Amino acid sequence: MTDLNTLQLTATTALGGTLPQEARHGALRMAENSGLALASLTLRRGTTQPAPFGLALPGPGAWGQAGRHAALWMGPEQWLIEGEGLAETDFATALQGQCPGCSVTEQTDGFVAFEITSEAGEAPILALLARLVNIAPDRLRPGMGTRTGLEHMSVLVIRRAPDRLALLGLRSAAATLWHALTTAAARLG
Amino acid sequence: MLIPHPLLGLRDAQEFTCLGDAALLNRPDGLADPQALTDYVYLRDNPAGVHRELWFHEQGDRSWLVVTRNTLTHEILGAELARDVALRAKGAK
């Protein structure tokens, strides 16, 4: 029988591998980000807006970062909080400690995150965005993000920097989303 | 068709689902006046022209909007958060 004390368990990534998948098309590099911790934050009536992990919670359509933490506006008085490299920690409990009185729900294993990086400035990112989502480019400038549809799936699109884009989607549709993303990137030519 | 979301700017109508007449915001007290509740549940105006409707930003920020729309020309005349409309009506009472 296996000795449970010496058992090493390796988490399976959203795409089913033991290591995150990567792909490269032209100047674009795409990679599954299996280390991203997520938790939703919602204000309750009468609570004041907190500043978890030193984050200034962004307004409508915006995204903001402070160190390894980031926040995306999801709706009136609702945000999605990201923790880079914290997926294997109890992120929701840590966030709840920063936001007394607010509603916090763990989201890490509900989503898959893909990070897209361009080696040739923002032009390839803008070209890819035009193929992926029906959002005006001035609504996805660096520091902005939104929830929208991509091939009938709900996704979160975050413009982390001029040359960096993140795509968060339903974990159960991870392979479908990865296929949509890599196919669009491959066809950019 | 583009809907001018008051918070997020112009968004594709495909991201929304339409519920119908914005008069649904004004629910009468069914115990005080059963006939008014019956009318509220079963009767709808179906105007050819300017109409106020409830739209839900399902693939977006999940907010309810009151969209003013011309049903003859499909022109969108404006949109505001249903929450603001409801709170204003509450304040006016």
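**A guided view of chain A and its contact with chain B**

Chain A has 189 residues, for which a compact globule would have a radius of gyration near 16 Å; the value for chain A is 17 Å, which agrees with that expectation. The model described here is predicted. Along its principal axes, the C-alpha trace of chain A spans about 55 × 50 × 30 Å. Of the 189 residues in chain A, 37% are buried. Considering contacts in chain A between residues at least 6 apart in sequence, 57% join residues at least 24 apart.

The secondary structure of chain A consists of 3 helices and 11 strands. Read from the N terminus, these elements follow the order β-β-β-β-β-β-α-β-β-α-β-β-β-α.

Strands of a sheet pair through backbone hydrogen bonds, in either a parallel or an antiparallel manner. In chain A, 6 strands form an open sheet with antiparallel pairing, arranged in the order β1-β2-β8-β11-β10-β9. The edges are occupied by β1 (22–25) and β9 of chain A; each has a single partner strand, so one side of each is left without a neighbour in the sheet. From one strand to the next, the twist averages 20 degrees.

At one of these edges, β9(A) runs antiparallel to β10 (residues 153–161) of chain A, and 7 bridges join the two strands. Within this pairing, R147(A) stands opposite L156(A) in β10(A). Helix α2 (residues 123–132) of chain A packs on the sheet, where the helix touches β2 (28–32), β8 (111–118), β9 and β11 (164–170) of chain A. The direction of helix α2 makes about 140 degrees with that of β8(A).

Strand β9(A) also takes part in the contact between the chains. There, 13 residues of chain A are in contact with 12 residues of chain B. On the side of chain A that touches chain B, β5 and β9 (144–150) of chain A each supply at least two residues. The largest share of that side, 4 residues, comes from β9(A). By character, the residues on this side of chain A divide into 4 nonpolar, 7 polar and 2 charged.

A last point of detail lies beside β5. In chain A, the loop between β4 (63–66) and β5 (69–75) contains G67(A). This residue, G67(A), counts as exposed because it has 10 C-beta neighbours inside 10 Å, and the cut-off for an exposed residue is 12 or fewer. The C-alpha atoms of G67(A) and E84(A) are separated by 9.0 Å, although the two residues are 17 residues apart along the chain.

Terms used. Residues numbered from 1 in each chain as written. Chains lettered and ligands numbered in written order. Predicted model: local features only at pLDDT ≥ 70, side-chain atom pairs only at ≥ 80, totals over all residues. Buried ≥ 20, exposed ≤ 12 C-beta atoms within 10 Å, placed from the backbone. Contact = placed C-beta atoms within 7 Å. Nonpolar A, V, L, I, M, F, W, Y, C, P; charged D, E, K, R; others polar. Pairing = 2+ DSSP bridges. Axes fitted to C-alpha atoms, helices over the stretch in contact; angles between N-to-C directions. Rg over C-alpha atoms; globule rule 2.2 N^0.38 Å.
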